[in-house]
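Got the viewer open? Let's take a short walk through this model, one selection after another.

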Amino acid sequence: MLLVLSPDQDLFRDTTVRLLADRAPLSRLRQLQTDPAGYEPGYWTAGAELGWTSLLVSEADGGGNLSGDGLVDLSIVAYEFGRHAAPGPLVDTSVVASALSRHDGEALKAALGEILSGAAAACCMGVTPWQPNRPATIDIRRDGDQLVINGTARPVESAGQAQYLLVTGNAAEGPTQVLTPKAAPGITIRPLKSLDVTRRFAEVVFQDVRVPATAFVGAYGGAADEVARQAQVAAVLLAAESVGAMEAAFAMTVQWAFDRYSFGRPLASYQALKHRFADMKSWLEASHAISDAAAAAVSANAADAAELVSAAKAYIGEYGVELAQDCVQLHGGIGVTAEHDLHFFLRRITLDRTLYGTPGDHRQRLADMAVGREKAA
Amino acid sequence: MSAEMNEPIEDVEAFRLRARAWIGENMGPPQRGDLVRYYPDDAEELAAVTRDRGLQRRLYDGGFAGICFPRAYGGLGLTPAHQRAFNEELAGREFPSRLTVPTFTPCAAVLLDFGTEEQKLRHIPAILRGDEIWCQLLSEPGGGSDVAGATTSAVQDGDHWVINGSKVWTSGAWWGDYALCLARTNWHVSKHQGLTVFIVKLHQPGLEIGRIERLDGSTESCQEFLTDVRVPDSDRVGDVNEGWVVGTRWMFHERVGHNSPLVTMAAGAFRGGSGEPYVVRIAREGGQLDDPRTRDLIGEARTLDLVGRHLLRRLALGVPSGKLSEHSPAVGRLFGGIAAVRQSTIAFEIAGGAAGTWAEDDGATADVGMRFLMRQAACMGGGTTEISRNVIAERMLGMPREPSMDRNVAFRDVPRGPRQTATTEA
C-alpha cells in the first residue's frame, strides 16, 4: 500500500478498517461461509455510505474521491479488503460504477445512483482483454430498438447479489457493452464453487435477453478501449487486495515464528527459516511497489499503465501465492487446517491470481508490448 | 555562493525543459563499453575512462553536475526530483558511467556525511569536474561479507598514519585517483570499535595494485597491497576508532547505489537503454519471437524489470521519510540480486544452443553465455544476498541474531581461521 497517505486518506482508511473489523471480523466470516451473500444485510450499504462505491465516480454523478486519484484512493480500500479477507462485491461494483460515470444516458445514470447507495453490480466479461485470442463467449446483436444478448460468462463475482450486470460481448462491429437489470427475462444464474469461502461466484447464462438500446455503455461495437480500461481497473484492485492479504498472512507467520518453540528455540532463531522470511519480505515489498505503481498509472492514464498492470498481476499472482504457501509451510500442520485463520488469506490470494488474467496471461501481454507489436497503453 | 541559499528552487518541469535542451545539444549516443564497463584492451579502457572524465566535465561546464550536491561544494543544491528528471531526459544518451558508483556514491556521499570542510572543498568540486575518480578500499582477502572484520592496520606516527594490509575487489582501482580505506586502528577493543576511515591516494609509493581476472575475462577488479603507506591525519574521515559509524553510512550509500539522488545516469541505462529489451533482442536474433515459451520468458524478464524499478523507487521514498526501516535497502539488494540471476538464466535459456559458442559479430547473443557464467556476481557485489537476508530478518523483522564469536571480544582474540595467527599486530 501507499507509503505516504494524506490525512484524508488516512482517516478514510481508519474508518474502513473499523467497519471491516466491526461488521466482518474473521470470526463472523467463519459463520457466514455458507451464507448466499457471504456478508450481513446492511454491510455493503454501510460501506457505500462510507464512500467505497463513490471513489471512481465523478462529483457531477454524486461521487467523489479524496486525492484527485480516485483509483489510488480505492486501492486503499482494496488493500484493507485483502488484509481482512473482507466479503462484498468491491471489484466488480467499482468497475461498473466507473464505467457508468464515464457514459451518458438517463437509464445508466439512474442505475449508477442505485449503485452509489449500495446496490451491487457485476461484470459479465464475455470478452477478455487479457486473453486477446480467446473467442468471445457472449454475443450481442441489434434487433430494431432492442439488443439481444446470448452466451455465457464465468466466473462472475457476486452475480447472485447484483442488481445490475454489465455485459461485455461481441457484436458484428466489435466489443460492445450493455447494462442490464439482473431481473431481465432470459438470465440464469448458476452458483459456482470457489476456493475463497468469503466471496461468491456464479456462471451467468443469457438466452435471448432483450434490453433497450438505451442500455448501451459506449458505442455499439466500439467498446474495446473501455473494456481494456475496465480490465485494468479490476486488475489494479485485485493486485492491491492480494497485497493486503499477503501482508496479513506474512504478519501472522512472523508472529508465529516468535511464538512457536522447537528444540528449545523459537522458529525465528533458525537461519534457514530467517532467510525464507527475508525472501518473503522482499516479495511483499516488491508487491507493494508494483501494486501502487499500477494504481497510480491507471488512475493517471499514463502511457505505461498497461505494462505496469500486467507486471503487477504477473508478479503478485506468482509471488503472492508462493508467499501464502510458504506461510502455510512455516506454520506446519495447522497451516493446512480450517481451524487456523491463515487459510482465509491463502484462498483470497489464490483466487485473485486466477481473476482478470493469470500471471501467464499477463506475461504474454508484457511480451507483446516488449516486442513492440502493441502500444504500451 | 551562500548568498543564493534563500533563492527559490527552480521548478522541476522548468529544470527538465532546460535539461532537455542542453542534453540535446551536448550529450551524444552511448558508445560500446559505456555499460559493459570493461574493454579487453587496457588502452581502450583508459581511453573510455578519459572520455568519461570529459563527459563529467561537460556536465559541470554546462551547469548540470552535482544536481543534489550543496552549492557550497560546486553542486546545484536541487532535489532528488530534479535529479530524476535529468536522468529521464538523459535516457538513451551517453553519460560518465564509470563515475556513478563508487565515485558519486558511496564515496562522495560519505565525504558529504563525514568529511571535514577542508576535505569537502578539496574533493567534491574536483569530483564534480571529473578530475577525481574514487574507489573503495573495503573488502579484504580474508573476509568478504564481514567488512567490519578488516585487518588492514593503520598505526599513528606523529601527524601521519602508516597503513599496512591488503584490499580486494576494487573496481577500476588501476585507473582511479583516490579511495576511501577502512583500517583497524585499535586491536584491543571489539571488532566494530577499533576501525577508522582514511582517504588514500591510489597511486603512491607502497601501494601496489594487481589485477584480478574474472570468469568473463575482465580484469577491472583489483587487489591492492599496502606497505607502509603514509597518510596525513588531515585525510582521516570521521573520528579515530569511529570508523564503523562512517562504515554504516558507507554501506547504506553503497546499497542505494545507482538509485542514489547523487548519481547522474541515463534512466534505463542498466536495463539495456531505452531501446529494445535485451531478452527481446536475443529472441529476435534467434528467430524465437513467436515461440510461446520464449514469450513467457520475455514477459517474466519484463515483470522483474518493472517490479525492480518500482521497488527501488519505493525504497528511495520510504527510507529518507522514515516510513520504511533504515535497513530496507537490503530488500532492494536482495530483490536485485535474485532478479538479475533469474534474468541471466532467462537470456541464456532464450539463446538456447547459441549460448555456448559465438563469433564476435553475433550481436546481443554473443555475450549471453559469459553473462551466465558470471551470473552469481549479481548476488555478491555490494554485500551478498545471504547477508541481506540476515539484515532483513534480524534488523527489519527483529528475529534473533546469529551467534557470533566476535562480539564483546578484543579483536586480536577473534578467531580468523586456521591459517591466520591470532594476533599479528601490536
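How many residue pairs are in polar contact between domain 2 of chain A and domain 3 of chain A? The count is seven, with both residues at pLDDT 80 or more; a polar contact is a pair of N or O atoms within 3.5 Å, one able to donate a hydrogen and the other to accept it, and residues adjacent in sequence count only if both atoms are side-chain atoms.

Some ground rules before you click. This is a predicted model, where local features need pLDDT of at least 70, side-chain atom pairs count only at pLDDT 80 or more, and totals for chains, interfaces and linings use all residues. Residues are numbered from 1 along each chain as written, chains are lettered from A and ligands numbered from 1 in the order written, and side-chain values use heavy atoms, without hydrogens and water.

Start by colouring chain A by domain: 7–116 is domain 1, 121–220 domain 2 and 225–371 domain 3 (bounds from an automatic or database domain assignment). Keep domains 2 and 3 of chain A on screen; their C-alpha centres lie 29 Å apart. The contact (heavy atoms within 4.5 Å) takes 17 residues from domain 2 and 20 from domain 3.

Together these two domains of chain A bury about 1600 Å² (accessible area lost on being put together, 1.4 Å probe, summed over both), 66% of it on carbon and sulfur atoms. Now select W130(A), L195(A) and R199(A): on the domain 2 side, they lose the most area to domain 3, together 39% of what that side buries.

Stay on R199(A) and add E241(A): their side chains meet in a salt bridge at 3.3 Å, N to O (a Lys or Arg side-chain nitrogen within 4 Å of an Asp or Glu carboxyl oxygen). Three salt bridges are found across this interface.
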